[in-house]
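Let's take a walk through this structure together, starting with some vocabulary and then moving from the surface to the inside. Keep the 3D view open as you read.

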Amino acid sequence: MLKVFFLYIGLELKILCRSRADWIQPLLLYLLTISLFGITLSGEKEILTQVGGVILWVAILFAMLTLSENMLRKDIEEGWLNQLKISPTPLWLFLLGKGVAYWLVIGLGLLASLPIIAVWLYFSLNMALGLAFIYFIATPALVVLLLFGLSLTVGLPKPGLLLGLLLLPLCIPILILGQSAVRVLQANQWPVFESALLGAITIVTVMFLPILSAFSLEQTCDE
């Protein structure tokens, strides 16, 4: 089963390499959102320092929602999910592999953009390193939550608005803890409490949400 899991990850990475627009667009939206705030408030360093965390997490949420458009729809339209459903390998393993592949691309893309973000928002080196750690433990949960939301709405013709309404309540704890971690980092302290809670949320979501997503998709495929 582990071999199949890595095979799924490799397959999704190959697909993402061929369809670069699927993940470049969310990253560009993320950078554009933050750059607009950075340019608009370029002379207000204190304001940017105070609201920088909010800007970051809102931009991440927008980028994730943009990423969702073709994340599962192509698999359903091409019949790939139907084939996986009748295979001996559980569907949740494929969803977990897809989530890992997307995180490797979009999550590491967000991490790679942090030096630019740090310049725009006047973040110190320690602040940027702390944010990199928070990104590392929080973004997997966002990707898995996105897959879960998509599994509930993928049968709809245009699920964009409904998907956002479904995901917002689920993402609020992560956004609050992420913003709180930024505040602690700005005070030159390490967000131990926030990091522990974010890590726990990520572990729980990665363990259980792919199974729930697979169950939802199986009902969709039956219909």
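Helices here are DSSP runs (H or I) of at least four residues, numbered from the N terminus. Keep in mind, too, that this is a predicted model.

With that naming in hand, find Val54, which sits in helix α3. Is Val54 buried, partly exposed or exposed? Val54 has a relative accessible area of 41%, and it counts as partly exposed because that value falls between the 20% cut-off for buried and the 50% cut-off for exposed. Val54 also has company: along with Ile47, Val51, Val58 and Phe62, Val54 makes a nonpolar surface patch of about 360 Å².

Stay in helix α3 for a moment and look for Glu46. Glu46 has a relative accessible area of 66%, so this residue counts as exposed, the cut-off being over 50%. If you'd like a sense of scale, jump from Glu46 to Arg18: they are 28 residues apart along the chain, and their C-alpha atoms are separated by 42 Å.

For another pair of that kind, go to Leu197 in helix α10. Leu197 is partly exposed, with a relative accessible area of 34%. Pro173 is 24 residues away from Leu197 along the chain, and the C-alpha atoms of the two are separated by 9.5 Å.

Now for charges. How many salt bridges are there? The count comes to 1, and the partners are Glu12 and Lys98, whose closest N and O atoms are 3.0 Å apart. This pair ties together distant parts of the chain, since Glu12 belongs to helix α1 (residues 2-18) and Lys98 to helix α6 (residues 91-112), with their positions 86 residues apart. What about their surroundings? Glu12 has a relative accessible area of 2%, so Glu12 is buried, given that the cut-off is under 20%. Lys98 is at 2% relative accessibility and counts as buried as well.

Next, look for empty space inside. A search of the whole structure turns up 2 cavities of 30 Å³ or more. The largest holds about 50 Å³ of space. Which residues line the largest cavity? They are Leu61, Met64, Leu142, Leu145, Leu146, Leu167 and Cys171. At least two lining residues come from each of α3 (45-67), α8 (125-153) and α9 (160-186), and α8 gives the most, with 3 residues. By class, this lining has 7 nonpolar residues, with no polar and no charged ones.

The second largest cavity has a volume of about 40 Å³. Around the second largest cavity you'll find Leu95, Val144, Leu147, Leu209, Pro210 and Ser213. Helices α8 and α10 (192-222) are the elements that give two or more residues to this lining, and α10 supplies the largest share, 3 residues. Sorted by class, the lining of the second largest cavity has 5 nonpolar residues, 1 polar residue and no charged residues.

To bring it together, go back to two of the helices. Helix α3 holds partly exposed Val54 and also supplies at least two residues to the lining of the largest cavity. Helix α10 holds partly exposed Leu197 and gives the largest share of the lining of the second largest cavity.

Terms used. Residues numbered from 1 in each chain as written. Predicted model: local features only at pLDDT ≥ 70, side-chain atom pairs only at ≥ 80, totals over all residues. Heavy atoms only, no water. 1 Å grid on protein atoms, 1.4 Å probe; cavity = no way out; pocket = protein on both sides within 12 Å on 5 of 7 lines; lining within 4 Å. Points joined across faces, edges and corners; volume = space filled by probe spheres on them. Nonpolar A, V, L, I, M, F, W, Y, C, P; charged D, E, K, R; others polar. Patch = residues over 30% accessible without salt bridge, like charges linked within 9 Å, V, L, I, M, F, W, Y side chains within 5 Å. Areas by Shrake-Rupley, 256 points an atom, 1.4 Å probe, with all protein chains shown as cover. Salt bridge = Lys/Arg side-chain N within 4 Å of Asp/Glu carboxyl O. Buried < 20%, exposed > 50% of the residue type's maximum accessible area, 1.4 Å probe, protein only.
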